[in-house]
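Biologist: I should like to learn how to read a protein model feature by feature. May we take the helices, the domains and a loop in turn?

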Amino acid sequence: MKLDARTVTSAIGAARRIGLQSGNANVPVDILSVAREVGVARIEARPLHLDGYLGRLSNGQLVIRYNVASGWRRNRFTIAHEIGHLLIARCQGREINAPIGRSWIRNETEELLANRIAAELLMPEHQLSSDLLHAPAGWNTVHAMCRRYDVSISALVTRVLELQSMLAVLLKIDLGCIDPTNWPRFICRTSRETRVHFLHPPRAAVEAVLKNATSRRASTIKIEANSRLHEIALLGRLMDAGGTRQYWALGWTPNNSTP
Ligand SMILES: [Zn+2]
């Protein structure tokens with residue numbers, strides 16, 4: 001089903017309100033109790049071929065099942081993601097009848113919105129923003145926040161890129177894959193809802209990041225966002241992305257141009 005802007009705003013707003021309720025103010029968020037609060041009667045681990053799904057039992061009760069073989073942090077995100085589907089359905093005035101599955105391969109608009117809602121539930125914007133404002137940008141802070149919010153590194157990094165209060169840049173450099181022009185493949189992601197221009201081609205940043213990789217020095221990237229110039233120090237670490245060796249260079253700075 002297509003999602004209109006109103007559904008997106010109201011579903012994220014519903015997740016935000018859940019995070020502001022007194023019982024859910026502590027982190028790590030008790031995602032099982034949030035699921036019960038929104039009407040999910042059963043939350044069960046099962047051997048599955050996908051991460052999880054939301055469905056209805058024959059007695060009409062809502063159920064979330066998640067993959068028993070996955071780690072707890074991933075399963076917490078899966079449960080939050082399925083709650084996301086439930087909130088989206090409610091904003092659209094729909095009932096959940098057929099099961100809705102979650103797989104990392106799917107990439108439809110609703111899947112992305114359910115991920116965004118999951119991140120909002122597990123890492124409430126106001127709380128994570130305030131934590132990051134009081135901590136130095138870098139991987140030590142990422143690891144500390146992963147422990148604090150009980151989320152995976154990739155969920156935390158994706159969330160930093162979503163926060164309105166931060167201006168963040170992530171370069172994911174694929175170390176196992178060289179393109180025909182002899183360059184490692186890379187993806188560059190920047191904060192959402194922010195106009196970002198690179199003052200130099202991102203390739204120059206990739207070159208600097210890889211040069212500094214062994215010495216573990218930061219590489220500074222210059223960008224223009226919201227008509228202002230910013231310097232962001234990128235620090236890298238090796239990541240295993242489903243069997244592929246990647247180098248992730250990440251940096252952020254407070255986004256002072258937000259109201
Ligand atoms: Zn899904």
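Modeller: Certainly; please keep in mind that this is a predicted model. Let us start with a pair of helices: α1 passes α4 in a right-handed crossing.

Biologist: At what angle do helix α1 and helix α4 pack?

Modeller: The angle between α1 (residues 5–20) and α4 (residues 109–122) is about 20°, and their axes are 9 Å apart. Angles under 35 degrees count as roughly parallel, so α1 is roughly parallel to α4.

Biologist: Which residues of α1 and α4 meet?

Modeller: From α1 come Val8, Ala11, Ile12, Ala15, Arg16, Ile18 and Gly19, and they meet Leu113, Arg116, Ile117, Glu120 and Leu121 of α4. Sorted by class, this contact of α1 with α4 has 8 nonpolar, 1 polar and 3 charged residues.

Biologist: How should I read a second pair, α6 and α7, and at what angle do their axes cross?

Modeller: The axes of helix α6 (residues 139–149) and helix α7 (residues 153–162) cross at roughly 105° and come within 9 Å. Angles of 65 to 115 degrees count as roughly perpendicular, and α6 and α7 are therefore roughly perpendicular to each other. On the α6 side the contact is made by Val142, Met145, Cys146 and Tyr149, and on the α7 side by Ile153, Leu156 and Val157. The contact of α6 with α7 has 7 nonpolar residues, with no polar and no charged ones.

Biologist: Into which domains is the protein divided?

Modeller: There is domain 1 (5–122) and domain 2 (126–254). Taken over C-alpha atoms, the centres of domain 1 and domain 2 are separated by 27 Å. Where they touch, 9 residues of domain 1 are in contact with 10 residues of domain 2.

Biologist: Which element gives the most to the side of domain 1 that touches domain 2?

Modeller: Both α3 (72–91) and α4 supply at least two residues of that side, and α3 gives the most, with 4 residues. The residues on this side of domain 1 divide into 5 nonpolar, no polar and 4 charged.

Biologist: Let us end with the loop between α3 and β4, where Gly93 lies. Is Gly93 buried or exposed?

Modeller: A residue counts as exposed if 12 or fewer other C-beta atoms lie within 10 Å of its own. Gly93 has 7 other C-beta atoms within 10 Å, and is therefore exposed. One may also compare positions along the chain and in space: Gly93 and Leu3 are 90 residues apart along the chain, and their C-alpha atoms are separated by 12 Å.

Terms used: Residues numbered from 1 in each chain as written. Predicted model: local features only at pLDDT ≥ 70, side-chain atom pairs only at ≥ 80, totals over all residues. Axes fitted to C-alpha atoms, helices over the stretch in contact; angles between N-to-C directions. Parallel < 35°, antiparallel > 145°, perpendicular 65-115°, else oblique. Left-handed = near helix turned anticlockwise from the far one by under 90°. Contact = placed C-beta atoms within 7 Å. Nonpolar A, V, L, I, M, F, W, Y, C, P; charged D, E, K, R; others polar. Domains from an automatic or database assignment. Buried ≥ 20, exposed ≤ 12 C-beta atoms within 10 Å, placed from the backbone.
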